[in-house]
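Colleague: I would like a close look at one aromatic side chain in this model. Start there, then work outwards to the rest of the chain.

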Amino acid sequence: MYSSDEPTIYSLLTVEETKEQKPKRYTSRFRQNVKQEYTGGRGDYKTMGPAKVDAPQPTDYLKKHEKEPKLPTKETFKYPDEDRKRPSVPKKDDTPLMGLKTTKNFISTNAVENITAVPKLPAKKFVDTRHGDTHNLIPSGLEAVYVHKKEFGEVPTYLVKRKEEVKKAQEEYDQYVLDRFKVGALRKLTNEEREAILDGLKANWADVHEQYQGLSVVTDTAPKKNRKERMEAQMKQLERDIELIEKHRTIYIGN
């Protein structure tokens, strides 16, 4: 057994150096075209300015009225139907063709119609200024034209229908109240009870209103503001209850 660090006979042999084989460099097939496009056309403008052109001639200056628009050539006006053949003027010996002839005397007929005609009534007008300016009366709205309509004075259809619907709803409500009366679930307030409730509500409103009048004018703290708003809400609710009872003479309550 021997170690790799110890000299051996194999170390005396000549070892050939192995070179790394690099892959072939990539070359685009468009390389030559790109090169030609990049280098081509560089010598076109080596001089100062663009390519030389012919110098303007002295006779090519701007002349008077040269830039004004040119009107078309003036021509004699001619009617489109000027070449149309017109009939000749009839001679005095020619007999015109008038069609059917009539023996009616138009002069006498017009005279009789005007004599027997009813005179036309003057238009209705009104004067609205001291200078006598007149206007037609009918379109102004001052003339009662609507009275001449066929349906004038008749109840509109939608009102008749609405009246029937209200009547039907009232009948259904009355039947419901009658049924509840039979069951014993409703009771009608008497006039004395109604007046007593109304007096009690008014007394409560007067009591709250008296307390409200005693509040401080300046509400600079939260408790003062809350108390004022609470009393205002109580008075509004009492006013709604009083208005509801005064509006309805008949009131039903549940047992």
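What is the relative accessible area of F152, and does that make the residue buried, exposed or partly exposed?

Modeller: This is a predicted model, so every value below is computed from predicted coordinates. F152 has a relative accessible area of 46%. That makes F152 partly exposed, because the class runs between 20% and 50%.

F152 has an aromatic partner. Y146 and F152 form a pair with their ring centres 5.8 Å apart. The planes of Y146 and F152 stand at 50°. That pair is tilted, because 50° is neither under 30 degrees nor over 60. Y146 is also partly exposed, with a relative accessible area of 48%.

How many aromatic pairs does a search of the whole structure find? The search gives 2. Besides Y146 with F152, there is F77 with Y79. The ring centres of F77 and Y79 are 5.0 Å apart, and the planes meet at 80°. The F77 and Y79 pair is edge-to-face, because 80° is over 60 degrees. F77 and Y79 are both exposed.

Another ring has a charge for company. K63 sits over the face of Y61, 4.6 Å from the ring centre. Turn now to the backbone at H65. H65 is not a glycine, yet its phi is positive, about 60°. H65 belongs to the loop that runs between α1 (31-39) and α2 (106-116).

Now the overall layout. The chain holds 5 helices and 4 strands. Read from the N terminus, the order is α-α-β-β-α-β-α-α-β. Of the 255 residues, 6% are buried. Take contacts between residues at least 6 apart in sequence: 49% of them join residues at least 24 apart.

Next, a helix pair. Two packed helices are described by the angle and the distance between their axes. For α4 (residues 191-213) and α5 (residues 222-247), the axes come within 10 Å. They cross at roughly 160°. That angle is over 145 degrees, so α4 and α5 are roughly antiparallel. The crossing of α4 past α5 is left-handed. On the α4 side, the contact includes R194, I197, L198, L201 and W205. On the α5 side, it includes M231, M235, L238, I242 and I245. Charged side chains take part too, among them K202 of α4 and E239 of α5.

R194 deserves a closer look. R194 lies in α4. R194 counts as buried, because its relative accessibility is 5%, under the 20% limit. Setting aside neighbours within four places in sequence, R194 contacts I245, E246, H248, R249 and I251. Of these, I245 and E246 also appear on the α5 side of the helix contact.

Last, Y252. This residue lies in strand β4 (residues 252-254). Y252 is partly exposed, with a relative accessible area of 30%. Where does Y252 make its contacts, leaving out residues up to four places away in sequence? Y252 touches Y173, V177, F181, R187 and K188. Take V177 from that list. Y252 and V177 are 75 residues apart in sequence. Their C-alpha atoms are 8.7 Å apart in space.

Back to the starting point: F152 is partly exposed at 46%, and its ring pairs with Y146 in a tilted arrangement.

Conventions:
Residues are numbered from 1 along each chain as its sequence is written. This is a predicted model: local features need pLDDT of at least 70, side-chain atom pairs count only at pLDDT 80 or more; totals for chains, interfaces and linings use all residues. Side-chain values use heavy atoms; hydrogens and water are left out. Rings of Phe, Tyr and Trp (its six-membered ring) pair if their centres lie within 6.5 Å; planes under 30 degrees apart count as stacked, over 60 as edge-to-face and the rest as tilted. Buried means under 20% relative accessible area, exposed over 50%, partly exposed in between (1.4 Å probe, protein chains only). A charge sits over a ring if NZ of Lys or CZ of Arg is within 6 Å of the ring centre and within 35 degrees of the ring normal. Helices (H or I, at least four residues) and strands (E, at least two) are DSSP runs, numbered from the N terminus. Axes are lines fitted to C-alpha atoms, for helices over the stretch in contact, and angles run from 0 to 180 degrees between N-to-C directions. Angles under 35 degrees count as roughly parallel, over 145 as roughly antiparallel, 65 to 115 as roughly perpendicular and the rest as oblique. A crossing is left-handed if the near helix is turned anticlockwise from the far one by less than a right angle, and right-handed if clockwise. Contact means heavy atoms within 4.5 Å.
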